[in-house]
Amino acid sequence: MRLVVLRFLFAFLLIINLTQCKRHGLPLGDADNGGLVLPGGFEAVVVVDSLKGAVRHLAVNSNGDIYVKLRFPSAEGGNAALRDDDGDGKADIVKFFDEYQDKSSYGTAMRIHNGYLYFSSVTRIFRQKLTPGDLIPDSKIELMLTDTQPPRQHDAKPIAFDDKGNMYVPFGAPSDCCQVEDRTPFSPGMDSCPILTVRGGIWRFDANKPGQFQKDGYKFATGLRSVVALEWNNKTHNLYTVCHGRDYLHATWPKYFSEWEGAVLPSEEFLVLKDKADAGWPYYYYDQIKGKLLLSPEYGGDGKIAGKAAEYTQPLIGFPGHFAPNDLLFYTGNQFPEHYKDGAFIAFHGSTSSAPYPQSGYFICFVPFKNGALSGPWEVFANGFAGVDTVVNTSDARYRPMGLAMGPDGSLYISDSEKGKIWRVMYKGDSTIKFGQAQLSKMAKIKQRASNIKLPDIVADNLDRGTVNNAGKLYNTYCGVCHQRDGMGNDRFPPLSGSEWVIGDKTVPINIVLNGLEGEVYVKGKAYNNKMPRLHLLPDENIAQILTYVRQNFNNKADTVTVENVVKARMALGKK
């Protein structure tokens, strides 16, 4: 009898669920929402569990076809196209397409504009005409824009289009703060910063003119170190970005900034950019705790001095440091509750440099807007991507949210850069119940409690507390912010575990620490292109401690580096 009742109850619930889906005209969400935690009334279905290669931005066509930019193009192509044939929300067809020049990492943009598919590699922007009904475009690839400089730091090229035929493209600054010696402790900033002539800003181009170069564009905004999240708002007729703030406040200026301040500062800035806007980089950074722009230590600041900060573009919101904003979308659909109409979704990819505190970010944020202006504090919209309670190292995170797109029915699509997973988020709430704080209460608690989102406690959340010796602390301060506490690196910085650069001839890592390393290098068969600063100002004893720690941890079993080894290498470099 009990079995009969249970079967009846299951059948009843299934009918109710199917009826709800039919009423909404949306596919079933996954039982666990693909691992995501969402506000009440929302569901998520996994469109595809993984694609070949990490993915960056994505776009959804008017018929529901999904186009994805692959970070690392393969022999099959640099883009992927997905189609759901049976309406269950999951991709039935996945095809890779488009081989093109420039195989370097950080191909980023994927946008649909006026019937064209626009996408970018590191140094080029392309487009192809889409044919209605065809999944894969067979038209000629047009080269719209070429960056003649070789790939360097912060060279992702997202794209935004205004309503007047213009295309906006960032050119990131190959520097942390325009120091004389980039990312080198105690190195002063260059004044005036020469990088700003051709980098560290956003240029405007003709969206329909092939064969352009940076010199053909108009410098629209400056003072922006690294932009990956970029969007035009057709309601306010303005360009918006959530800009990556600079790094290494503690590692480069420990006299002025504590480990905790280095983990939570400076802010990731949400900016509205008018023509000729100047956001202040490298001279100023935003402190979201103090709520103001402050003078950078490279230019005489100490964490308190404001200087001429009032002369620069002020952010709408300052998010905690290192969240890594990698996409921005203003919601214009009608599926979601009115609360979300015209508001901004932001994909926070997640930090790599929050040590010795938990890595932060790894979630989707929502910022409410009304009548073109902010209408409330930022909210957590989707969490659970990391799959762990505390992200100690970037590699601990199972997924990292990267791209955002809106489907023709108002669904929100989210891409992941680790395994190429894609989610479709849908609203299934009862239309007779007003959406509000009851549905948002769970997310408000997450904002206050989740280790990847909340402001860390200075003492309780310090992961080094009582567990790391002096050599380990030196490593975590000067190396772990990039190579991670476990030595496994991440998608930006190479691993030290098992690295041929580390465990072989000890003079190789000694020379890298003393002299730095710049340009594309291969570590364990994978390409990396971020600058390793020289740490020659550290005492020989500290360098020996750090390198011995690296060579005898992270599953490495190489011999000790002595002070004498460092002195000898330093003398040899001085004679060259």
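An open sheet of 5 strands runs in the order 6-7-8-9-13, and its pairing is mixed. Two strands sit at the edges, strand 6 (110-113) and strand 13 (212-213), and each pairs on one side only. The model described here is predicted.

**The sheet**

Strands of a sheet pair through backbone hydrogen bonds, either parallel or antiparallel. Strand 6 and strand 7 (residues 116-120) take the antiparallel option, over 4 bridges. Within that pairing, Ile112 stands opposite Leu117 of strand 7.

**Cysteines**

How many disulfides does the structure hold? The count is 1. Cys178 and Cys193 form the bond, with their sulfur atoms 2.1 Å apart. Both partners lie in the loop between strand 11 (166-171) and strand 12 (201-206), so the disulfide ties together parts that are 15 residues apart in sequence. The torsion about the S-S bond is about 100°, so this disulfide is right-handed.

Cys365 and Cys482 call for a separate look. Why is Cys365 not bonded to Cys243? The closest cysteine sulfur to that of Cys365 belongs to Cys243, and at 16 Å it is too far for a bond. The cut-off for a disulfide is 2.5 Å between sulfur atoms. Cys482 is in no disulfide either; its nearest cysteine sulfur, that of Cys479, is 8.4 Å away.

Are these cysteines buried or exposed? Residues under 20% relative accessible area count as buried. The table gives the values.

| Cysteine | Relative accessible area | Class |
|---|---|---|
| Cys178 | 0% | buried |
| Cys193 | 5% | buried |
| Cys365 | 0% | buried |
| Cys482 | 12% | buried |

**Helix 8 and helix 9**

Helix 8 covers residues 507-515. Its buried residues are Pro509, Ile510, Ile512, Val513 and Leu514. Gly516 follows helix 8 and has a positive phi, near 75°.

Two packed helices are described by the angle between their axes and the distance between the axes. Helix 8 packs with helix 9 (residues 540-551) at an angle of about 135°, and the axes are 11 Å apart. Which residues of the two helices make the contact? Helix 8 contributes Pro509, Ile510, Val513 and Leu514. Helix 9 contributes Ile543, Leu547 and Arg551. Pro509, Ile510, Val513 and Leu514 are thus named twice, as buried residues of helix 8 and as part of its contact with helix 9.

How are the two helices oriented to each other? Angles over 145 degrees count as roughly antiparallel, and 65 to 115 as roughly perpendicular. The angle of about 135° falls in neither range, and helix 8 and helix 9 are therefore oblique to each other. Their crossing is right-handed.

**Phe220 and its contacts**

Phe220 is in strand 14 (residues 218-222). Its relative accessible area is 6%, so Phe220 counts as buried. What does Phe220 touch beyond its neighbours within four places in sequence? The contacts are Tyr168, Ile202, Trp203, Arg204, Leu239, Leu273, Lys274, Asp275, Lys276 and Ala277. Phe220 and Met402 are 182 residues apart in sequence, and their C-alpha atoms are 25 Å apart in space.

**Backbone exceptions**

Most residues other than glycine have a negative phi, and most peptide bonds are trans. Several places in this model depart from that pattern.

Where are the cis bonds listed here? One peptide bond runs from Leu265 to Pro266 and is cis, with omega near -10°. Pro266 sits in the loop between helix 3 (259-264) and strand 17 (268-273). Another cis bond runs from Ala355 to Pro356, with omega near 10°. Pro356 sits in the loop between strand 23 (344-348) and strand 24 (363-367).

Positive phi also turns up outside glycine. Arg183 is not a glycine, yet its phi is positive, about 60°. Arg183 lies in the loop between strand 11 and strand 12, where Cys178 and Cys193 are also found. With a relative accessible area of 4%, Arg183 is buried. Asp342 is not a glycine either, and its phi is positive at about 70°. Asp342 is placed in the loop between strand 22 (325-330) and strand 23.

Technical notes:
Residues are numbered from 1 along each chain as its sequence is written. This is a predicted model: local features need pLDDT of at least 70, side-chain atom pairs count only at pLDDT 80 or more; totals for chains, interfaces and linings use all residues. Side-chain values use heavy atoms; hydrogens and water are left out. Two strands pair if DSSP finds at least two bridges between them. Buried means under 20% relative accessible area, exposed over 50%, partly exposed in between (1.4 Å probe, protein chains only). Axes are lines fitted to C-alpha atoms, for helices over the stretch in contact, and angles run from 0 to 180 degrees between N-to-C directions. Angles under 35 degrees count as roughly parallel, over 145 as roughly antiparallel, 65 to 115 as roughly perpendicular and the rest as oblique. A crossing is left-handed if the near helix is turned anticlockwise from the far one by less than a right angle, and right-handed if clockwise. Contact means heavy atoms within 4.5 Å.
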